[in-house]
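Student: I am new to this structure and would like a close look at a single chain of it, taken slowly. Could you lead me through that one part and explain how its residues are judged to be buried or exposed?

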Amino acid sequence: MKRLISATALLMATSAIAQAEGQLNLYNWGNYTSPELLEKFKAETGITVTVTDYDSNDTALAKVEAGGHGFDLVVPSANYVPIWVEKGLIVELDASKLPNKANIAPEWADVSWDPGRTHTVPWQWGSTGVAVDTTIYTGDINTSAVFLEVPAELKGKINVVPEMNDIVAMATMYAGGEPCSEDPEVLKKARDLLVAAKPDWISMDYGATERLSNGDWAASVNWNGSSMRVRVANPKVAYGYPKEGYPLFMDSVALLADAQNVEEAYKFLDFIMVPENAAMISAFARYANGISGSEAFMPEDMKTAPEVVIPEEHKAAGVFLPTCTGKAQEYITAIWTELQK
Amino acid sequence: MAERRFEIGRIPGFATVAVATFVMLYLPIATLVAFSFNEGNSIAVWEGLSLHWYREAWDNQAVKDATARSLIIAVCAAVISTTVATMAALGTTRRAKFRGETFIYVAINQPLMVPEIVTAVALMIFFGMIKVATGYQGLGYLILAHSAFCIPFAYLPIRARLEGMDLSLEAAASDLYATPWKTFRHVTLPLLGPGILAGAMLAFVISLDDVIITEFVKSGGQDTLPTYMLGQLRRTMTPEVNAISTALLALTVMLLTAFFLLTRKRD
Amino acid sequence: MASRAEERMQRQSARNGWLLSLPALGLLLIAALGPLLIIFVYSVLTPGQYGNVVWEFSWDGWVSILFTRDIFDGTLGLADAHLTIFWRSVSLSLMTTLATFALGFPTAWFIATRPPRQRGLWLFLITIPFWTNLLIRTFAINEVIRQEGVLNTFLLWTGVIERPLSIIYTDTAVLIGMAYVYLPLMVLPLFAAIDRFDMRLLEAGYDLYASRWQVLRRVILPIVKPGIVAGSILVFVPSLGAYVTPRVLGGGKNMMIGNFIELQFLAGRNWPLGAALSVTLLLIVTAALLIYVRAANRGSNPHG
């Protein structure tokens with residue numbers, strides 16, 4: 001009992017002194033931050049990083065907007081960055097405190113969602129495609145038809161991740177439109193495609209790493225990092241890049257407007273742009289990072305993985321989802337409701 | 001007496017259903033324990049026996065902190081909610097009906113009626129304002145929130161117990177000039193025991209399980225085991241979580257055995 | 001003498017009743033009831049472009065519960081998707097309540113008829129599985145009932161079945177999972193009620209040549225009714241908002257109310273609709289609860 005009380009006191013105390021010297025509060029996606037990276041950071045700077053998890057961009061946004069959260073850094077996805085900026089929740093970074101900014105790979109140094117990289121620093125990026133057991137389905141896997149017009153071999157064996165924005169965007173692109181489209185004709189087509197295909201799906205669930213590996217599912221709409229893990233466990237499963245268009249994502253670190261530990265935050269931001277450190281981030285979560293020179297420090301199996309290094313012929317079809325307007329979002333939600341009712 | 005009670009209370013088929021229920025309850029738990037010893041990093045594909053994930057969990061400071069935090073919140077929430085729920089149950093049961101009794105009943109059960117996400121968003125906004133105003137961001141908010149939504153879970157079993165309790169013993173005690181406190185302490189409370197125990201256990205378990213409200217109320221560095229696992233949901237679940245769960249189970253069983261042996265000796 | 005005591009109690013009843021309930025009410029006011037007022041207010045505001053609300057009055061949240069403007073041709077129609085989701089949640093929750101009662105009542109009875117010193121142990125055995133987190137427990141159930149899971153392997157091995165049962169990703173799977181998850185919420189209140197049941201009443205019943213069924217129906221059920229009421233409420237209402245279990249075991253192809261409301265508050269960015277849906281659910285459940293409690297109390301005085 002005494003132990004419990006002292007443990008309580010300790011925990012209460014740690015949350016109370018989070019603003020003290022040598023502390024940093026990182027608000028990040030769950031299971032996305034390499035513990036070794038944080039240890040190395042502490043060894044170099046003496047700063048202890050406390051990581052708190054979230055599981056969706058919307059949760060993170062709503063929580064930070066509500067205030068009193070105690071976080072210093074957050075890692076929003078590309079299409080959410082403009083929202084954070086517009087709401088004044090994240091601030092422009094002082095480039096003079098980030099000497100390693102030059103390490104950002106040219107393709108990520110000036111991006112549509114953050115022109116000139118004024119507000120964010122790259123964390124990891126990847127894609128949403130289709131992972132297919134190629135012994136069950138031998139046809140072309142580089143197409144969204146795999147889940148939108150399910151081939152006979154995959155009927156009742158394919159899963160679709162319940163990610164509203166990604167899935168509706170893929171269907172919209174397959175129907176010939178752009179993501180976040182407001183064109184009723186295209187959207188109607190996308191909706192009909194999804195509704196017609198749904199009876200052929202086994203489920204709309206996460207956990208593809210598990211269930212593709214153990215053969216419960218023969219295919220799934222899936223993220224590239226997860227698909228790489230699956231291939232290692234079950235070499236029959238290959239990752240396809242739909243040629244009609246597939247979503248790319250990049251999660252970037254941003255400094256919160258009400259951060260308490262600003263100096264520490266800058267040290268961390270600069271720290272993760274060192275190629276060796278960026279490679280540690282990738283090695284843990286299995287996604288690419290966006291820092292030049294980090295390739296040399298990447299784990300062997302990731303250097304050549306077709307899931308991580310997008311093959312040249314598939315590069316063009318990758319699309320960063322834009323930030324949808326309220327109107328477009330209304331369409332997307334309506335389609336999703338129709339699909340899951 | 002006990003033997004007799006058992007004989008009389010026997011209803012054919014009930015024991016079979018009960019045993020089947022216990023088997024059903026423990027089958028998934030057995031699977032989960034088995035996979036905690038898995039060599040590979042899957043919770044579904046068996047790759048051989050190993051303690052690998054126990055070491056992993058033990059070395060993972062985030063997991064240890066989250067587990068401790070979960071337990072502390074659950075203990076506090078169970079104690080607080082059971083205490084106030086017992087008082088409320090005593091206040092609203094076995095008395096002449098009074099104005100507002102139905103209101104109290106509905107108010108107490110209100111946390112049950114709202115989907116978690118709603119309470120979560122409401123608390124996020126409300127506590128957010130308080131956090132900004134006071135600057136305090138400690139565990140207090142989580143304990144407060146958990147205590148509140150655990151109240152009905154503690155209240156209902158206690159009330160169910162109270163509702164049919166015999167008034168005559170208490171009346172007799174007070175006729176013997178026992179003070180109300182003494183009557184409560186020596187007559188009512190012991191009779192109420194099983195209800196309180198049931199209520200407290202429910203509250204504890206409900207608090208331990210909560211994801212959504214915690215996710216929205218927590219401040220920096222306040223992940224509990226469920227929110228830690230929620231963060232993993234979209235990625236990969238490893239047997240690490242099985243190992244933590246199994247360790248928690250083992251701990252419970254040990255405490256329970258000790259408790260059981262001790263009370264047995266006293267008898 | 002008893003009447004004097006009762007008279008005294010009656011006089012103090014209201015005052016003490018409120019006083020004793022005060023701490024619980026206070027806690028609820030701060031951390032549950034009070035903040036909920038925010039939701040009422042939000043239901044009549046305008047959704048913000050990127051989530052949250054804009055402080056402009058609007059009934060749109062409420063209107064769109066029942067009617068949707070067809071996004072493609074602009075006509076106003078009945079929101080059948082919303083009704084389908086509501087109905088699925090209600091019927092699944094009812095079935096869950098029945099299933100937990102069917103399993104829970106014999107189990108609670110079994111525990112209550114153990115020798116007194118063993119009872120605590122059996123009770124703990126009911127709650128121990130719930131020391132493991134809901135998510136991991138649901139995944140464990142998934143392991144048991146999936147195509148090549150423990151259950152099918154065992155049944156095939158014993159020769160009971162010749163081909164694996166397809167349970168996973170069906171409504172049956174969701175029902176099994178929900179019954180599993182909510183079982184203790186039924187067993188514990190039932191136990192609390194049965195435990196104070198005087199077994200001599202059974203003896204009396206049998207002495208009067210009542211059959212076991214008659215005894216169960218006429219003697220046992222009326223007396224443990226408060227436990228049944230408590231248990232059903234504890235199971236029915238939370239299962240209405242359930243969301244992890246249907247998603248993992250049902251394959252997440254169909255939404256329940258809980259998922260639908262969450263969608264509005266998060267990715268859907270329509271907080272007023274989410275708020276209006278929540279208030280509607282709150283009203284439905286409150287009404288059902290009042291009717292249920294009134295019906296359960298009718299004619300049953302616990303002291304008989």
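Tutor: A residue is called buried if 20 or more other C-beta atoms lie within 10 Å of its own, exposed if 12 or fewer do, and partly exposed in between. Please keep in mind throughout that this is a predicted model.

Let us take chain C and begin with C:Asn52, which sits in the loop between strand E1 (46-47) and strand E2 (53-54) of chain C. Because C:Asn52 has 18 C-beta neighbours inside 10 Å, it counts as partly exposed. Its backbone deserves a look as well: most residues other than glycine have a negative phi. C:Asn52, although it is not a glycine, has a positive phi of about 60°.

A second loop residue, C:Arg163, lies between helix H6 (150-158) and helix H7 (171-195) of chain C. C:Arg163 has 8 other C-beta atoms within 10 Å, so it is exposed. Along the chain, C:Arg163 and C:Thr153 are 10 residues apart, and their C-alpha atoms are separated by 9.8 Å.

With those two places in view, we can turn to the chain as a whole, where the domain assignment divides chain C into domain 1, residues 1-35, and domain 2, residues 80-297. The centres of domain 1 and domain 2 of chain C, taken over C-alpha atoms, are separated by 31 Å. An unreviewed UniProt entry places the feature "domain: ABC transmembrane type-1" at residues 86-292 of chain C. In the model, residues 86-292 of chain C are 77% helix and 0% strand, while the C-alpha atoms at the two ends of this span lie 19 Å apart.

Chain C also has partners, and its contact with chain B takes 90 residues from chain C and 98 residues from chain B. Helix H1 of chain C, residues 2-42, gives the most to the side of chain C that touches chain B, contributing 25 residues. Sorted by class, that side of chain C consists of 67 nonpolar, 15 polar and eight charged residues.

The contact with chain A takes 25 residues from chain C and 29 residues from chain A. On the side of chain C that touches chain A, the elements giving two or more residues are helix H3 (80-112) and helix H10 (244-249) of chain C. H3(C) gives the most to this side, with three residues. The residues of chain C that touch chain A divide into 11 nonpolar, 10 polar and four charged.

To bring the picture together, chain C can be followed from helix H1 (residues 2-42), which gives the most residues to the side touching chain B, through the loop that holds C:Asn52, to helix H3 (80-112), which is among the elements that touch chain A. Further along comes the loop with C:Arg163, between helix H6 and helix H7.

How values were computed: Residues are numbered from 1 along each chain as its sequence is written. Chains are lettered from A and ligands numbered from 1 in the order in which they are written. This is a predicted model: local features need pLDDT of at least 70, side-chain atom pairs count only at pLDDT 80 or more; totals for chains, interfaces and linings use all residues. UniProt positions are given in the numbering used here, feature names are shortened, and annotations may be inferred rather than shown by experiment. Helices (H or I, at least four residues) and strands (E, at least two) are DSSP runs, numbered from the N terminus. Two residues are in contact if their C-beta atoms, placed from the backbone, lie within 7 Å. Ala, Val, Leu, Ile, Met, Phe, Trp, Tyr, Cys and Pro count as nonpolar, Asp, Glu, Lys and Arg as charged, and the others, Gly among them, as polar. Domain bounds come from an automatic or database domain assignment.
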